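Work through these two exercises on enclosed space in a protein model. Keep the sequence and structure in view.

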Amino acid sequence: MHGTIFTLLKRYVQTQYDHSTWVRLMEAAGLSATSFDHKNVYPDEHMYALVGHAAEMTGLSAQELHEKFGEYLVPDLMYMYQKLLQPQWTTLDMLEHTENTMHRQVRQEHAENAPPVLQVTRLSPDELEINYVSKRRMGALAVGIVRGIATYYDEADRILVEPETSEDGEHVRIRVRRVAAA
Ligand code: HEM
């Protein structure tokens, strides 16, 4: 997986907890000798080990942690790929275009990059459905990213996110609806 995701995980742990937590986490995951940078790609297993041990250490489930981390990632991802954002977009437009803009660009940057293929169907001006299919089973990260995008566009109180996960976790259907502000 993309080094950026690892460097952001490191920053997430350092800011939400502290640096010594990160050091303990790397030790627990058997990764003390590894350092992450945004230019390289690292095995997915490192991410599973880190999130798994982080879940143990925090008492949260791996799912909850993935979701929180997904929310945290968004401002940085938006900043990194800001050239691809259209000024008139809000949450649903952004989600509709992730596949053919951001994820496409990510794939072109490095042969080993493999963001999930997101099939997005716009059902109406206020509703869409995302089909997430990935062997990585990181649907909870996808849900977190969706929530983070709603927050980014200041629509968190209007966007409803309803995930439905297959038994093996490789397939998640996420309904996203915009409703009147509460
Ligand atoms: C600003 C928009 C976005 C950018 C720049 C972005 C970028 C990336 C990058 C760099 C990766 C790592 C790929 C790799 O290591 O091979 C990734 C993975 C991922 N992205 Fe995105 N992404 C964006 C939006 C989204 C959205 C809207 C979703 C979900 C609805 C999403 C879901 C995921 C998931 C779940 C992964 C983890 C890998 C997997 O499950 O296979 N991303 N994305």
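A cavity here is a set of points, on a 1 Å grid over the protein atoms alone, where a 1.4 Å probe fits but cannot get out; lining residues have an atom within 4 Å of a point. Grid points are joined across faces, edges and corners, and a volume is the space filled by probe spheres set on the points. This is a predicted model: local features need pLDDT of at least 70, side-chain atom pairs count only at pLDDT 80 or more, and totals for chains, interfaces and linings use all residues. Residues are numbered from 1 along each chain as its sequence is written, and side-chain values use heavy atoms, with hydrogens and water left out.

**Exercise 1.** Describe the largest cavity and its lining.

Step 1. The whole structure holds two cavities of 30 Å³ or more. The largest has about 680 Å³ of space.

Step 2. It is lined by 34 residues, with Leu77, His103, Pro115, Pro116 and Ile145 closest to its centre.

Step 3. Sort the lining by class (nonpolar: Ala, Val, Leu, Ile, Met, Phe, Trp, Tyr, Cys and Pro; charged: Asp, Glu, Lys and Arg; polar: the others, Gly among them). The result is 26 nonpolar, six polar and two charged residues.

**Exercise 2.** Do likewise for the second largest cavity.

Step 1. Its volume is about 100 Å³. Among its 13 lining residues, Val13, Tyr17, Leu25, Ala54 and Leu65 are the closest to the centre.

Step 2. Assign elements; helices are DSSP runs (H or I, at least four residues) and strands are too (E, at least two), numbered from the N terminus. Two or more lining residues come from each of α1, α2 (19-28), α3 (44-58) and α4. The largest share, four residues, is from α3.

Step 3. By class, this lining has 10 nonpolar, three polar and no charged residues.

Methods. 1 Å grid on protein atoms, 1.4 Å probe; cavity = no way out; pocket = protein on both sides within 12 Å on 5 of 7 lines; lining within 4 Å.
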